[in-house]
Amino acid sequence: MLKDNYERILSEISRSCDNVKLATSKVTLLAVSKTRTIEEIQTLYDMGVRDFGENQVQELVKKYDALPKDIRWHMIGHLQRNKVKYIAPFIYCIHSVDSERLALEINKQALKYGRKISILIEINIGNESSKFGLKYDEINSFLPNLASFENIEINGFMTVAPYTVNPKENREYFQKMYELYVDNQKKKRDNVNIIELSMGMSNDYTIAIEEGATIVRVGTELFGQRSYIR
Ligand SMILES: *Cc1c(COP(=O)(O)O)cnc(C)c1O
């Protein structure tokens with residue numbers, strides 16, 4: 001089943017890319033493996049998947065220890081500052097940075113491990129009180145605050161779009177995110193190199209790709225329903 005799902009998603013991705021005349025290689029499928037077993041992840045790994053996303057530090061560390069070391073682990077959930085140290089040695093990209101204090105801590109831990117850690121800034125595009133992330137309008141005043149953090153590289157933006165029954169309703173949010181992405185690519189800032197736009201999940205990743213996503217985060221469509229919501 002995992003294989004069928006994976007192949008179906010790959011063909012959906014290439015169809016969406018075709019729709020907007022984009023090379024399929026421009027989009028990364030991030031397999032959201034939270035709550036899934038080591039065996040399920042290994043199965044996808046054996047089919048060639050290398051990017052996996054998790055939202056809890058403890059689970060992430062456990063899976064990192066158990067699985068091949070060339071996996072690119074992405075942290076996509078809200079991250080507490082006191083837990084950064086556990087993932088700093090190996091994390092590939094942190095998608096959920098939404099405060100200067102968190103960025104400072106990531107910078108500090110990255111320095112300790114002699115690394116430069118890729119981060120994305122999370123944007124609360126729907127202005128929902130239940131969601132983390134900076135407001136859209138805060139980005140311009142926020143990015144310069146990170147200018148001295150030499151052990152992080154700000155590689156783009158991430159958003160979790162509002163839940164909708166009709167995913168097409170999120171198209172306008174994705175368009176706004178793309179605007180933010182393009183605007184910030186033009187600005188030259190220290191430690192900022194905008195190359196990724198992480199948006200789109202199981203119900204709307206095809207639309208997100210059409211609107212410029214470079215990373216889509218897919219869990220349910222790939223693995224099936226999670227037995228509990230997270
Ligand atoms: C769980 C999760 C996903 C994947 O959601 P699905 O609907 O299962 O594809 C994507 N992004 C974040 C931040 C998540 O927490």
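This is a dialogue about how to read strands, pairings, loops and a ligand site in a predicted model.

Reader: Let me begin with a single strand: how many residues of strand S4 are buried?

Author: A residue counts as buried when its relative accessible area is under 20%. By that reading strand S4, residues 93-97, is mostly covered, since 5 of its 5 residues are buried. Ser96 belongs to strand S4, and with a relative accessibility of 1% Ser96 counts as buried.

Reader: What does the side chain of Ser96 reach?

Author: The side chain of Ser96 reaches the backbone oxygen of Gly77, at 2.6 Å.

Reader: Which strands pair with S4, and in which sense, parallel or antiparallel?

Author: In general, two strands are taken as a pair if at least two bridges are found between them. Strand S3, residues 72-75, pairs with S4 in the parallel sense over 2 bridges, and within that pairing His74 has Cys93 in S4 as its bridge partner. S4 also pairs with S5 in the parallel sense, here over 3 bridges, and the bridge partner of Ile94 in S5 is Ile119.

Reader: Which residue in S6 does Ile119 stand opposite?

Author: Ile119 stands opposite Ile154 in S6, and we have already met Ile119 as the bridge partner of Ile94. Strand S5, residues 117-123, is joined to S6 by 7 bridges, and the two strands run parallel. S6 is in turn joined to strand S7, residues 192-198, by 4 bridges, again with the strands running parallel. In that pairing, Gly156 has Glu196 in S7 as its bridge partner.

Reader: How many residues of S6 are buried?

Author: Strand S6 spans residues 152-159, and 7 of its 8 residues are buried, so that the strand is mostly covered. When looking along any such element, it helps to remember that in a regular strand the side chains alternate between the two faces of the sheet.

Reader: Which helix makes a β-α-β unit with S4 and S5, and which one with S6 and S7?

Author: To read the hand of such a unit, one follows the path from one strand over the helix to the other strand while the strands point away from the viewer, and a clockwise path is called right-handed. S4, helix H5 (residues 100-112) and S5 make a right-handed β-α-β unit. S6, helix H7 (residues 171-186) and S7 likewise make a right-handed β-α-β unit.

Reader: Turning to the loops, where do Asn127 and Asn191 lie, and what is the sign of phi in each?

Author: Asn127 has its place in the loop between S5 and helix H6, residues 139-142, and its phi is near 50 degrees, a positive value in a residue other than glycine. Asn191 lies in the loop between H7 and S7, and although it is not a glycine, Asn191 has a positive phi of about 65 degrees.

Reader: Are Asn127 and Asn191 buried or exposed?

Author: Asn127 counts as exposed because its relative accessibility is 53%, whereas Asn191 counts as buried because its relative accessibility is 16%.

Reader: How should I read separation along the chain beside separation in space, for instance with Ser14 and Ile209?

Author: One sets the count of residues between two positions beside the distance between their C-alpha atoms. Ser14 and Ile209 are 195 residues apart along the chain, and their C-alpha atoms are separated by 9.6 Å. Ser14 has its place in helix H1, residues 2-19, and is partly exposed, with a relative accessible area of 24%. Leu29 and Glu122 are 93 residues apart in sequence and 18 Å apart in space, C-alpha to C-alpha. Leu29 is in strand S1, residues 28-32, and at 11% relative accessibility Leu29 counts as buried.

Reader: Finally, which residues come nearest to the ligand?

Author: There are 12 residues around the ligand, and of these Lys34, Ser202, Gly219, Thr220 and Arg226 come nearest. The residues of this shell divide into 5 nonpolar, 3 polar and 4 charged.

Reader: Which polar atoms lie close to oxygen atoms of the ligand, and at what distances?

Author: An N or O atom in the side chain of Ser202 is 2.5 Å from an oxygen atom of the ligand, and a polar backbone atom of Gly219 is 2.8 Å from an oxygen atom of the ligand. A polar side-chain atom of Thr220 lies 2.5 Å from an oxygen atom of the ligand. Of the 390 Å² of accessible area that the ligand has on its own, the protein covers 88%.

Key: Residues are numbered from 1 along each chain as its sequence is written. This is a predicted model: local features need pLDDT of at least 70, side-chain atom pairs count only at pLDDT 80 or more; totals for chains, interfaces and linings use all residues. Side-chain values use heavy atoms; hydrogens and water are left out. Buried means under 20% relative accessible area, exposed over 50%, partly exposed in between (1.4 Å probe, protein chains only). A residue is near a molecule or strand if one of its heavy atoms lies within 4 Å of it. A polar contact is a pair of N or O atoms within 3.5 Å; within protein, one must be able to donate a hydrogen and the other to accept it, and residues adjacent in sequence count only if both atoms are side-chain atoms. Accessible areas come from the Shrake-Rupley method with a 1.4 Å probe; for residues, only the protein chains shown count as cover. Ala, Val, Leu, Ile, Met, Phe, Trp, Tyr, Cys and Pro count as nonpolar, Asp, Glu, Lys and Arg as charged, and the others, Gly among them, as polar.
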